[in-house]
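Good morning, colleagues. Please take a moment with the sequence and the structure on the screen before I begin.

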Amino acid sequence: MMIKSSLLGGCVAAAMSLAPGAAFAQDAQAALEARIAQLEAELNSLKSEVVAARTQQAAQQQDIIRLETRPAPPPPVQQAAAPSDGFRIGDHTVKFGGFVKVDASASNYSGGDPANGDALREFHIPGSIPIGGADEDTATDFNARQTRFWLTTDGLVGGHKVGTRLEMDFQTLPGTADQRTTSPANPALRRAFVTIDNWLIGQEWTNFQNTAVLPESADFIGAAEGTVFARQVQVRYTRGPFSISVENPETTVTPFSGGARIIADDSSLPDFTARYAVAQPWGDLQFAGLLRQLKYQNPATDIDSTATGWGLSASTKIKVGAKDDLRLMVTGGEGIGRYVGLNFSNDAVLDASGELDAIGVVAGFAAYRHVWAPGWRSSLIWSAQKVDNDTSVTGLAVNRSAQSIHANLIWSPVTAFDVGAELMFADREIESGASGDMTRLILFAKYGF
């Protein structure tokens, strides 16, 4: 190398000019060569360090370039919170539930026993209490037809809250009502609807009804005479405490001078309802209204008639003390028979000229619920209905009034399991003054899941 040669030459020349003899010159030259070798090694080490530093700097610059040009990582996937019960399918939480209920009843009818398979043997139907027959011994029946199951879904789809409900029981009796071998029962649709935000579309309790005030009873309904009670297909809109709906129309008609009920099925317009709910610290209060078209056509008799039906209902549940409550409902109107008391009266009657006249009705109930101790409670229920018939067109065989009184004791030994007993007395009177009554003891067990 040039640097090595020049250094060596300069050092040798300097040594030779200073040393007095050859031996000394040789020693000096060896020392210089050793020193030069040391310097050369140090120089090479410095060169290596410079190259390494430059290489590291270039690598760091490449890393910065890659970081700046690399696409941003995708956001972490948000995992839906696990529901407290039920399970998830896609965007929906799915839940399944219901209850198993077994009833044993002992009934005495003053006007004759209803036939085997009659729905009155399963639960209280005010308009079916027998009149005019012979009093027979007590009839005992066991059944599990009130057993119920339901399936619901809830989810958020496209920013909209969407839910569904499907609910069934076994209250539809089989054709033969055979109790000899298997006591069969057919499943019956109760509720089937979808909700999208504030809208409900499908079969649900009528918007004219307040299910929250129904008394706790061993019977399927309990205060049947005075209760607004109907499930049907509808389109409902709810905003806060206010709801309106258009619902399936149907008109029931009493022929001129009486006779078998006519189910017209001729209405052109849906039934319209509106409801307003008020929640207060002392309880709940609801007001509901109903406006409907009554219609019957019969080309064979040249009948084509319409009339207007209307109804108003008020209901409340009032807190009494820490655990008790008082439940009240009063309903009145014209042409609303099928909505009240399980169609105890018809909506309208045909007059002599074939025109429809709406039938007036007033109905209501009062129920007091008392909690005796944890798991023990009772309800005392009174229910009644009065029909305003024009007997000149309805005749004297139509229903005039009905009432019932119930007293029960219910015990829940464990959560969701109820056992209890209820004693009830009910009577029905027709316009002729004839009447019939029913006394019934109900024992039941029910487990919800």
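I shall go from the chain as a whole to its salt bridges, and then to its surface.

Please bear in mind that this is a predicted model. The chain has 449 residues, of which 41% are buried. Its secondary structure comprises three helices and 22 strands. Among contacts with a separation of 6 or more, 62% are between residues 24 or more positions apart. The exposed area of the chain is about 23,700 Å², and carbon and sulfur atoms contribute 61% of that.

Let me turn to the salt bridges, of which there are 18 in the whole structure. I have chosen three.

Asp141 pairs with Arg121, with 3.2 Å between the closest N and O atoms. This pair links distant parts of the chain, 20 residues apart: Asp141 belongs to strand β3, whereas Arg121 sits in the loop between β2 and β3. Asp141 counts as buried because its relative accessible area is 7%; Arg121, at 13%, is buried as well.

In the second pair, Glu204 meets Arg191 at 2.7 Å, N to O. Here strand β7, which holds Glu204, is linked to strand β6, which holds Arg191, and the two residues are 13 apart. Both Glu204 and Arg191 are buried. They also take part in a network of salt bridges together with Arg165, Glu167, Asp169 and Arg190.

The third pair joins Glu216 and Arg377, whose closest N and O atoms are 3.0 Å apart. The partners are separated by 161 residues: Glu216 is in the loop between β7 and β8, and Arg377 is in strand β19. How exposed or buried are these two? Glu216 is partly exposed, at 22% relative accessible area, while Arg377 is buried, at 9%.

Now to the surface. A nonpolar patch of about 900 Å² includes Ile196, Trp199, Ile201, Trp310 and Leu312. Strands β7 and β14 each provide at least two of the patch residues. Trp199, for its part, lies in β7 and is partly exposed, with a relative accessible area of 43%.

There is also a patch of negative charge, where Asp302, Asp304, Glu334, Glu355, Asp357, Asp388 and Asp390 gather. One of these, Asp388, lies in strand β19 and is exposed, at 58% relative accessibility.

Finally, consider Ala260, in the loop between β10 and β11. Ala260 is exposed, at 66% relative accessible area. Its C-alpha is 9.9 Å from that of Val398, although 138 residues separate the two in sequence.

Terms used: Residues are numbered from 1 along each chain as its sequence is written. This is a predicted model: local features need pLDDT of at least 70, side-chain atom pairs count only at pLDDT 80 or more; totals for chains, interfaces and linings use all residues. Side-chain values use heavy atoms; hydrogens and water are left out. Patches are made of residues with over 30% relative accessible area and no salt bridge: like charges are joined within 9 Å, nonpolar side chains (Val, Leu, Ile, Met, Phe, Trp, Tyr) within 5 Å. Accessible areas come from the Shrake-Rupley method with a 1.4 Å probe; for residues, only the protein chains shown count as cover. A salt bridge is a side-chain nitrogen of Lys or Arg within 4 Å of a carboxyl oxygen of Asp or Glu. Lys and Arg count as positive and Asp and Glu as negative; His and the chain ends are not counted. The place of a charge is taken as NZ of Lys, CZ of Arg, CG of Asp or CD of Glu. Helices (H or I, at least four residues) and strands (E, at least two) are DSSP runs, numbered from the N terminus. Buried means under 20% relative accessible area, exposed over 50%, partly exposed in between (1.4 Å probe, protein chains only). Contact means heavy atoms within 4.5 Å.
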